[in-house]
Amino acid sequence: MSKIRYINMCIVEFGKKFGMPTHMSFQYLKRYSGLAFLDKCYEAEHQLSLEQALSDLKIYCQRHGGSIR
C-alpha cells in the first residue's frame, strides 16, 4: 500500500473510531501533528495492525495537545 493511501485510510478509520466525520478527523490529525507522525513513521506504522496504528496516533496527538481519550 502506498503511503498516501495508508494515511488516507488512517484518517477515515480514526474518524470512525472516534465518531467524527472524515473532514473533522483530518483537521484534528493536522492540528495535533498526527499527519506529520504518519508521514514520518510510515515505515514502522504500516506494518502494525490498524488498531495499534490508531492507538499510536491517538497517543501521539494527546502528547501534542489533543483531547480525544
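This is a short chat about aromatic pairs and salt bridges in a predicted model.

User: How many aromatic pairs are there in the whole structure?
Analyst: A search of this predicted model turns up 5 aromatic pairs. Take Tyr28 and Tyr32: their ring centres are 4.9 Å apart with the planes at 55 degrees, so that pair is tilted.

User: Are those two buried or exposed?
Analyst: Tyr28 and Tyr32 are both buried. They also belong to one aromatic cluster with Phe14 and Phe18.

User: What about Phe37 and Tyr60, how are their rings arranged?
Analyst: That pair is stacked, at 4.5 Å centre to centre and 25 degrees between the planes. Phe37 sits in helix 3 and Tyr60 in helix 5, so the pair ties together parts 23 residues apart in sequence. Phe37 is buried, at 9% relative accessible area, while Tyr60 is partly exposed, at 26%.

User: Switching topic: how many salt bridges does the structure hold?
Analyst: There are 3 salt bridges. One of them joins Asp39 to Lys3, with the closest N and O atoms 2.9 Å apart. It links helix 3 with helix 1, 36 residues apart.

User: And which residue does Glu51 bridge to?
Analyst: Glu51 pairs with Lys17, and their closest N and O atoms are 2.7 Å apart. Glu51 is in helix 5 and Lys17 in helix 1, so parts 34 residues apart in sequence are tied together.

User: Where do Lys16 and Glu13 lie?
Analyst: Both are in helix 1, 3 residues apart, about one turn of the helix. They form a salt bridge too, with the closest N and O atoms 3.4 Å apart. Lys16 counts as exposed at 59% relative accessibility, and Glu13 as partly exposed at 24%.

Notes. Residues numbered from 1 in each chain as written. Predicted model: local features only at pLDDT ≥ 70, side-chain atom pairs only at ≥ 80, totals over all residues. Heavy atoms only, no water. Phe/Tyr/Trp six-rings, centres within 6.5 Å; stacked < 30°, edge-to-face > 60°. Buried < 20%, exposed > 50% of the residue type's maximum accessible area, 1.4 Å probe, protein only. Helix = DSSP H or I, 4+ residues; strand = E, 2+ residues; numbered from the N terminus. Salt bridge = Lys/Arg side-chain N within 4 Å of Asp/Glu carboxyl O.
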